[in-house]
Amino acid sequence: YAKNQGANRFQFFSESMNEQAVKRLHLESMLRQGLREKWFEVHYQPQYSVERQQMIGMEALVRLRHPEQGLISPGDFMPLAEESGLIIDIGRWVLEQACQAAQSWREQGLYDGRIAINLSAKELDLDHFNETVEEILERTGLPADALELEITEGSVMQSPKQAISSMQALRKQGVLLALDDFGTGYSSLAYLKKFPITTLKIDRTFVKDLEHTLEDRQMANAIITIAHNLGLEVVAEGVENSDQIKILSAMNCDICQGFYFSHPLPHRDMTGLLREHKGSLPPHLLSHSTPK
Ligand code: C2E
Ligand code: MG
Ligand code: MG
Ligand code: MG
């Protein structure tokens, strides 16, 4: 009986492993096809300075628009994109698209803020990645200080020495660097000092229950204070209501980003938003905020 069960169990595992492998192969070939057939899209989410009532940045977020399956979010393909190395090609495409879009909004006089783009550990690890960035900036005409690259603690910690030297090269060019999802990773405060970053993004988990939970307010406040003492700008991610904005503003958080202001928008919709409001905070959001 035991032998039998063992055999069944083995079969069960090998079948599900097989299923998983097949799924991965499908997903990987879909990503390859997506690159060839231009199924990827970049969406843009505004970042507002509540104090200045102005859109001072936007974050580029990649999606895959599958002809049958519709819009697929990065959470569903990023892990495999990273593992397979396809993130290198996807990331380069996103960088190019987003820099081009930002520069075209700038040239039309619609926008003078910056564009933030997410980097994976693999990209940061590339030799001469900063030359790729330089080349794209030259080709698109985007000034280096209008580009911000977002890096997570986790990806820096995969090989901190290499990552830090890549970051230093990028800073030398004038590119801004943000530490993304701060507070969820592994890095210590000692590392925070070593990273040549300009911006700290407070992870959404601290913002989510800000208006209900004292501990989250204390954490957010401490993060903002430390960041400001280190001369960093602070962005709060995942801001979903006006109470959160009021609390973050009172804590002197520099920039807010989240569904309360806008979901990430396709290129055309971002152009529409910029045309309509020229990057200032849409009027219906003004009454809720408490600018100082
Ligand atoms: P992230 O960089 O931390 O991006 C923020 C994520 O939070 C985005 O999810 C955004 O849509 C979502 N978000 C924004 N505001 C709110 C809010 O108010 N509430 C909630 N619940 N969520 C909010 P998205 O677009 O699904 O991206 C997920 C992650 O995928 C990103 O997290 C980033 O790590 C990665 N990613 C996205 N685009 C790229 C890319 O071009 N390259 C790389 N390497 N990674 C990317
Ligand atoms: Mg990000
Ligand atoms: Mg984030
Ligand atoms: Mg995240």
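These legends walk you through close-up views of ligand 1 and two magnesium ions in a predicted model. Residues are numbered from 1 along each chain as its sequence is written, and chains are lettered from A and ligands numbered from 1 in the order in which they are written. Local features need pLDDT of at least 70 and side-chain atom pairs count only at pLDDT 80 or more, while totals for chains, interfaces and linings use all residues; side-chain values use heavy atoms, without hydrogens and water.

**View 1. Meet the residues around ligand 1.** There are 24 of them (a heavy atom within 4 Å counts as near), and Arg-63, Asn-118, Asp-180, Glu-240 and Phe-259 come nearest. By type, this shell has ten nonpolar, five polar and nine charged residues. Strand β2 (54–66) is among the contributing elements and gives the most, with four residues (strands are DSSP runs of E, at least two residues).

**View 2. Polar side-chain atoms meet ligand 1.** Here you can find Asn-118, with a polar side-chain atom 2.8 Å from an oxygen atom of ligand 1. Arg-204 places a side-chain N or O atom 2.9 Å from a ligand oxygen. For Glu-240, the partner is a nitrogen atom of ligand 1, at 2.5 Å.

**View 3. Four residues hold the magnesium ion (ligand 2).** Glu-59, Asn-118, Glu-150 and Asp-180 coordinate this ion at 2.0 to 2.2 Å (donors are N, O and S atoms within 2.8 Å of the metal, or 3.2 Å for Na, K and Ca). Water is not among the atoms, so the site may look incomplete.

**View 4. Two magnesium ions share Asp-180.** Ligand 2 and ligand 3 are 3.8 Å apart, and Asp-180 coordinates both.

Conventions:
Polar contact = N/O pair within 3.5 Å; in protein donor to acceptor, adjacent residues only side chain to side chain. Nonpolar A, V, L, I, M, F, W, Y, C, P; charged D, E, K, R; others polar.
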